[in-house]
Amino acid sequence: MWKKEDAKPQGVADMSTTPAGAAPAGISNAANSTTAASAPITSRAGACISQGIKIKGEVTGKEDLFIDGVLEGKLEMSGGSVTVGPNGKVKADIHAREIIVRGNVQGKLLGRDRVQLWSTGHVTGEVQTDRLAIEDGAVLRGKVEAGKPVGRSPDSTNAAGASGGAKAGTVAAGTAI
């Protein structure tokens, strides 16, 4: 006769990290115990739109998001990272801190810190970011604006009015690039 205690590996303590009542309705804690042990629960755990799921509309949030399904509309994840997986098909404007493209994206990509196109990535549209990385094999068709604008840097405007402006100006110019 099989017992739950017999299925545990020797020397492994019973670790139930899932708080009571944390399991969604209809799912038992026994099914979640393996998941909880392999992936620690954090307050910043990323969300996933997996393959086979199609979403039309506006998606907003501050967490990280992984898309391996289909998304059409608008995607606003201003504080998080958006990763379009190799099976992902996105037809939307994306605004996020960081955008990683491994699948297909059509629309405007606004990555505050960085946009990265992997070798399997295809982007058609507009890209705006401070840093842009494109691997060999990636496809990018559209308009690109990368890098910080030199004229808008707050250091360069303050340096011009300060005494000893030549020294401060060269430092500001060096940091703005």
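**Core and salt bridges of a predicted model**

Colleague: Happy to look at this with you! What share of the 177 residues in the protein is buried?

Modeller: This is a predicted model, with residues numbered from 1 along each chain as its sequence is written, and side-chain values use heavy atoms, leaving out hydrogens and water. Local features need pLDDT of at least 70 and side-chain atom pairs count only at pLDDT 80 or more, while totals for chains, interfaces and linings use all residues. Buried means under 20% relative accessible area, exposed over 50% and partly exposed in between, with a 1.4 Å probe and protein chains only. Of the 177 residues, the buried share is 25%.

Colleague: Thanks! In what pattern do the helices and strands follow one another along the sequence?

Modeller: Both are DSSP runs numbered from the N terminus: helices are H or I with at least four residues, strands E with at least two. The protein has four helices and eight strands. Read in order, the pattern is α-α-β-β-β-β-β-β-β-β-α-α.

Colleague: Which strand gives the largest share of the largest nonpolar core?

Modeller: Such a core is a set of buried Ala, Val, Leu, Ile, Met, Phe, Trp, Tyr and Cys residues joined through side-chain atoms within 4.5 Å. The largest one has 22 residues, and Ile67, Leu71, Leu75, Val90, Val105 and Leu109 have the most contacts inside it. At least two residues each come from strand 3 (65–67), strand 4 (70–84), strand 5 (89–101), strand 6 (104–117) and strand 7 (122–134). The largest share, six residues, is that of strand 5.

Colleague: Is threonine 83 buried or exposed?

Modeller: Threonine 83 sits in strand 4. Leaving aside residues up to four places away in sequence, threonine 83 touches Leu65, Phe66, Ile67 and Ile100, where contact means heavy atoms within 4.5 Å. Because its relative accessibility is 15%, threonine 83 counts as buried.

Colleague: Nice. How many residues apart in sequence are the parts tied together by aspartate 64 and arginine 97?

Modeller: Their side chains meet in a salt bridge at 3.9 Å, N to O; the rule asks for a side-chain nitrogen of Lys or Arg within 4 Å of a carboxyl oxygen of Asp or Glu. Aspartate 64 is partly exposed at 25% relative accessibility, and arginine 97 is partly exposed at 22%. Aspartate 64 lies in the loop between strand 2 (54–60) and strand 3, and arginine 97 in strand 5, so the number of residues separating the parts they tie together is 33.

Colleague: And how many salt bridges are there by this rule?

Modeller: Among them, glutamate 145 pairs with lysine 143, with the closest N and O atoms 3.2 Å apart. Another joins aspartate 113 to arginine 112, at 4.0 Å. By this rule the count is four.
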